[in-house]
Amino acid sequence: MKKLESIEQFNEMKNNGKHIFMFSADWCPDCRVIEPILPDVESKYPDHQFIYVDRDEFIDICADLSVFGIPSFVAFENGTETGRFVSKDRKTQEEIEQFIDGLKVS
């Protein structure tokens with residue numbers, strides 16, 4: 001999973017193509033629990049690019065998107081938010097895949 005490096009990069013990705021931003025932090029135990037399943041999830045959805053967003057490093061993006069719990073996922077396609085799976089709860093692989101399967105199709 002590619003790691004977000006700047007707000008400019010976020011805006012570029014958000015506005016071009018299909019991206020799923022995963023908001024996380026190194027200290028988050030629930031985020032560590034889903035880490036091993038993420039490569040499998042990514043491989044099932046090759047039409048989306050998955051981007052890791054460090055919540056502590058990009059707190060302004062989190063605030064702008066109302067992402068207050070982690071791990072959380074927000075999907076964009078060409079500048080339009082197509083879905084969000086935002087909560088403070090631990091997520092399972094099945095829940096993450098259901099979220100992606102339910103994204104609005106353009």
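Trainee: In this predicted model, is Glu-35 buried, partly exposed or exposed?
Mentor: The relative accessibility of Glu-35 is 40%, and buried would require under 20% whereas exposed would require over 50%. Because the value for Glu-35 lies in between, the residue counts as partly exposed.

Trainee: Which residue meets the side chain of Glu-35 in a salt bridge?
Mentor: The contact runs from N to O at 2.6 Å, and a salt bridge requires such a pair to lie within 4 Å. The partner is itself partly exposed, with a relative accessible area of 26%. The residue that meets Glu-35 in this salt bridge is Arg-32.

Trainee: How many residues apart are Lys-18 and Asp-47, whose side chains meet in a salt bridge?
Mentor: Their N to O distance is 3.4 Å, and the pair links distant parts of the chain, with Lys-18 in strand 2 and Asp-47 in the loop between helix 3 and strand 3. Lys-18 counts as partly exposed at 27% relative accessibility, and Asp-47 is partly exposed at 44%. Along the chain, the separation of Lys-18 and Asp-47 is 29 residues.

Trainee: In the salt bridge of Glu-97 and Lys-44, which residue is buried?
Mentor: The side chains meet at 3.0 Å, N to O, and the pair joins helix 5, which holds Glu-97, to helix 3, which holds Lys-44. Lys-44 has 43% relative accessibility and so counts as partly exposed. The other residue has a relative accessible area of 14%, and because buried means under 20%, the buried residue is Glu-97.

Trainee: Which residue is linked with Lys-44 and Glu-97 in a network of salt bridges?
Mentor: The count of salt bridges comes to eight. The network links Lys-44 and Glu-97 with Asp-40.

Notes: Residues are numbered from 1 along each chain as its sequence is written. This is a predicted model: local features need pLDDT of at least 70, side-chain atom pairs count only at pLDDT 80 or more; totals for chains, interfaces and linings use all residues. Side-chain values use heavy atoms; hydrogens and water are left out. Helices (H or I, at least four residues) and strands (E, at least two) are DSSP runs, numbered from the N terminus. Buried means under 20% relative accessible area, exposed over 50%, partly exposed in between (1.4 Å probe, protein chains only).
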